[in-house]
Structure formats: C-alpha cells, structure tokens
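Subject: Structure for your review

Dear colleague,

I am handing over the structure we spoke of, and below it you will find an account of what was found in it. Please read the text with the model open beside you.

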Amino acid sequence: MSMLTPRGLKGKQYRVTGNAYPRLGRPPRRGRKIAIGLGGVLALALVSVGGVQLYDVFTGKHKDATAQACAPASGKPLAAPENSPSAGAPAAGAPASGAPAPVPSDTAVPQPAAVKVNVYNATDKSGLAARTADELRKRGFVVDKVGNAPAALDKKVPGTAQILSGPGGLGAATLLLSQVAAATATEDTRTDATVDFVIGDTFSALADPTQAAAALAELTKPSPSPEPGHC
C-alpha cells in the first residue's frame, strides 16, 4: 500500500485531481499567545504610571509633597494644608481666652550691659561667687544677686557651671554660656530676662576673653540649610 493511500481505501483505486495540495502548518502555541498578552498589559501599565508621574511634576504636585515632608531650616512646623482637620483649629496647649499669654522666647544675643545675672556658688569652696561676680562686672555684665546656691542646686552641679533662664533670657544665657567652658544651660519658668550663673564642682575660672569670643561664635553659628528635596 502506498503511503498516500488514505485509511479505508486499501486495495481500492483512487485518483488525485487538481494541481493544488493542502499545506499543513504548525498548530498554534497557546503559551506564546498568553505571554504576548501579558507583555502588552505590563507595557500599558508602565506607560500609565509614567504619565501620572510626569503630570505631577509639571503641575507642581511633586514640589508640594516635598515641601510638606521637610521642615524649614528654622525648625518651625509648616502650615497645615487646607481642608485638613488641624487647619484653623487652635494649637495644642494654647492658653484659653483670658489666660495669661506665655512669655515669648528671645534668642537674640544681647550685649553684656543688657544682661542681668545672679551668681550663685553651689560648691563648698568659699568666695567663688564673689570673685566670679567681680570678673563678670569687668566684662560689662550687670550683676544683681551674689551668694550661695538655693537648696535645690547646692552641691548638685557636677560640671563647671549651670546657666538658668526663662524663655525671655535665652539669648542672654547663650552669652553667659560662652564665658565658661563646658557649662550647661537649663530653661525654667521665670517670666523675666534675668539669668542665674550657678558655679559647679569643677569650676576654676572664667574663660579668657579670646576663648569666650570663639565660643560665642560657635554657639551662634547658623545651622546649614538642607538641600532642596532632602530632609
């Protein structure tokens, strides 16, 4: 039997007519079609995401988001966005109507003649308060009270000195910090601009004027501004 004999025609005569013959192609591959379809969907998704990002950049929404994420160099919080729950609401801890207003902070460093300082000795070494007060007067400070430290601080200042002030005397406290090495500053609730200079256990003398000027320059050096787009 010939290889061209179809089944069921064994031993029978047949004739092939015409000059065209059917060509058998490869059966379609289902996996290839699925892969092509998934690739098209992924490409469309990437184009859509890229278009949204470009729209945000050109309309300025990206800049607004960056500005809200980063605080300004001054350390003040950014204003609340419009329509947010905090917009227009009173700040937390704000005094009620009729209550005394808080003392405004004053961080500007004044001249020594504008600083009223109280000098207290928190050690068991006699005469330190009087000698330190005389030296501060020579440097132009206005010395008010001189004596032993109150019980809350007596024998409880382990460093060279502790500088105490209220919000209105922060700048004056910075100036006094520069006058003695390794001193610490503490803010209390007083409502005036006076400053307390409390002598500690390791105090020996004030810094010399050259060292004090260098320390003041370091204390008042502005913080570097963050680069745009970075927090």
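Contact, as used here, means that heavy atoms lie within 4.5 Å. The model is a predicted one, and in it, once neighbours within four places in sequence are set aside, Leu176 is in contact with Val115, Val117, Leu136, Phe141, Ile163, Val195 and Phe197.

The nonpolar cores

Leu176 also appears in the largest nonpolar core, a set of 23 residues in which Val117, Val119, Leu136, Leu176 and Phe197 touch the most other members. Two or more residues of this core come from each of strand E1 (116-121), helix H3 (128-138), strand E3 (161-165), helix H4 (170-177) and strand E5 (195-199), and among these H4 gives the most, with five residues. Separate from it is a second core, made up of seven residues, including Ala122, Leu153, Leu164 and Val198. As general background, in soluble globular proteins nonpolar side chains tend to be buried together.

The salt bridges

The structure holds six salt bridges, of which some are described here.

In helix H3, Arg137 and Asp134 lie three residues apart, which is about one turn of the helix, and they form a salt bridge whose closest N and O atoms are 2.9 Å apart. Arg137 is partly exposed, with a relative accessible area of 42%, and Asp134 is likewise counted as partly exposed, at 41%.

Lys155 and Asp154 also meet through their side chains in a salt bridge, at 3.4 Å from N to O. Lys155 counts as partly exposed because its relative accessibility is 47%, and Asp154, at 26%, counts as partly exposed too.

Are the partners in the salt bridge between Asp196 and Arg190 buried or exposed? The closest N and O atoms of this pair are 2.7 Å apart. Since buried means under 20% relative accessible area, Asp196 is buried at 12%, and Arg190 counts as buried at 17%. This pair does not stand alone, in that Asp188, Arg190 and Asp196 are linked in a network of salt bridges.

To recapitulate, the points to look at on screen are the core around Leu176, one of the residues that touch the most other members, and the network that links Asp188, Arg190 and Asp196.

With best regards

How values were computed: Residues numbered from 1 in each chain as written. Predicted model: local features only at pLDDT ≥ 70, side-chain atom pairs only at ≥ 80, totals over all residues. Heavy atoms only, no water. Core = buried A, V, L, I, M, F, W, Y, C linked by side-chain atoms within 4.5 Å. Buried < 20%, exposed > 50% of the residue type's maximum accessible area, 1.4 Å probe, protein only. Helix = DSSP H or I, 4+ residues; strand = E, 2+ residues; numbered from the N terminus. Salt bridge = Lys/Arg side-chain N within 4 Å of Asp/Glu carboxyl O.
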